[in-house]
Amino acid sequence: MKLTIVDVFAEARYQGNQLAVVENADGLTPDTMQAIAREMNFSETTFVTAVAPSPAGPRAAVRIFTPAQELPFAGHPTLGTAWVLTGGTGTATLALAAGDVPVTFADGLGWLTPPPATAGDPLEAAAAAALLGLTPDDLDDTLPPRTVTCGPTFPIVGVASLAALKRVRVDLATQRTLGIDGFPFAVCRQGYSKDADFAARMMFFDGTGMREDPATGSANAAFASYLRDRGETGRRIVEQGFEIGRPSRIHLAVEETLAVGGRVVPVAEGQLLD
């Protein structure tokens, strides 16, 4: 089985979010896929179980695994897998557990159309701040906290500054005590680069402990839906992963049809031994 490693939402190699893509994986059981994902130990590993060529581009059946569980949809695995299947040109459609997700490449960027997002209930400011290890004074009232589901569920919490964003710490026991489900996504209206509109962080528990995601396409898709619901439309750039040395840039098209975009950089190719 062919194994490809790419960096997704990356401007250069060894940036962005790492992804391992396993092709010709139709003979693998779900338990074996999960074991391989643990072995890779990236945020996600994808398994291409079938590819059907067509004039409009390949349609591929794909499964996505973190080191701890299978996901119905995740953004950087979708974008990265589509790049591996197409070489970063044209269009591919990935048949995921959450449904078909088209990906189109143009001018060096890949753009995915995420599955529909569902807005959940607003979160109380005190609880949202406690979820991030902050105080209510650290929050941005122009980005009120609420949950949004786009594949996974994300409690989206706006913070007031990069200084507050850098202090974010998520504790699983605290999250359970608060009764807030999902993967916390903290975002502020300051970027690390002059042309960036937002900076963000996302924490998740992978079965061995809490870790941070360098770039989260599904969370940013949820955030794009959140912005659209608030009447904030147009193109946006979100920076993520700077705090952990994996700078990432996620492009958002906040329009009637949402899109999440970014660059993909190849890192390694090889064979996964039987």
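In this predicted model, strands β6 and β7 form a hairpin with 2 residues between them. The two strands, β6 covering residues 90–96 and β7 covering residues 99–106, pair in the antiparallel sense over 7 bridges, and within this pairing Ala-92 stands opposite Val-103 of β7. Strand β7 is also joined to strand β8 (residues 109–112) by 4 bridges, and these strands likewise run antiparallel; here Phe-105 of β7 stands opposite Gly-110 of β8. The link between β7 and β8 is again a hairpin with 2 residues between the strands, and Asp-107 in that turn has a positive phi of about 55 degrees.

**Domains and their interface**

The domain assignment divides the protein chain into domain 1, made of 2–106 + 263–271, and domain 2, made of 118–256. Taken over C-alpha atoms, the centres of domain 1 and domain 2 are separated by 24 Å. Contact between them involves 19 residues of domain 1 and 18 residues of domain 2, and the two domains bury about 1500 Å² between them, with 52% of that area on carbon and sulfur atoms.

The polar side of this interface can be described by pairs: the count between domain 1 and domain 2 is 10 residue pairs in polar contact, with both residues at pLDDT 80 or more. On the side of domain 1 that touches domain 2, β2 (17–22) and α2 (75–86) each supply at least two residues, and by class this side has 8 nonpolar, 9 polar and 2 charged residues. The rule finds 1 salt bridge across the interface of domain 1 and domain 2.

**Salt bridges**

A search of the whole structure finds 12 salt bridges, and two of the pairs are set out below, each with its N to O distance.

| Salt bridge | Distance, N to O |
|---|---|
| Arg-246 and Asp-7 | 3.0 Å |
| Glu-11 and Arg-263 | 3.5 Å |

For Glu-11 and Arg-263, which form a salt bridge with their closest N and O atoms 3.5 Å apart, the pair links distant parts of the chain, the residues being 252 apart. Glu-11 lies in the loop between β1 (2–8) and β2, whereas Arg-263 lies in the loop between β17 (259–262) and β18 (264–271). For Arg-246 and Asp-7, the salt bridge is a meeting of the two side chains; the domain assignment places residues 2–106 in domain 1 and residues 118–256 in domain 2.

Terms used. Residues are numbered from 1 along each chain as its sequence is written. This is a predicted model: local features need pLDDT of at least 70, side-chain atom pairs count only at pLDDT 80 or more; totals for chains, interfaces and linings use all residues. Side-chain values use heavy atoms; hydrogens and water are left out. Two strands pair if DSSP finds at least two bridges between them. Domain bounds come from an automatic or database domain assignment. Contact means heavy atoms within 4.5 Å. Buried area is the accessible area (1.4 Å probe) that two parts lose on being put together, summed over both. A salt bridge is a side-chain nitrogen of Lys or Arg within 4 Å of a carboxyl oxygen of Asp or Glu. A polar contact is a pair of N or O atoms within 3.5 Å; within protein, one must be able to donate a hydrogen and the other to accept it, and residues adjacent in sequence count only if both atoms are side-chain atoms. Ala, Val, Leu, Ile, Met, Phe, Trp, Tyr, Cys and Pro count as nonpolar, Asp, Glu, Lys and Arg as charged, and the others, Gly among them, as polar.
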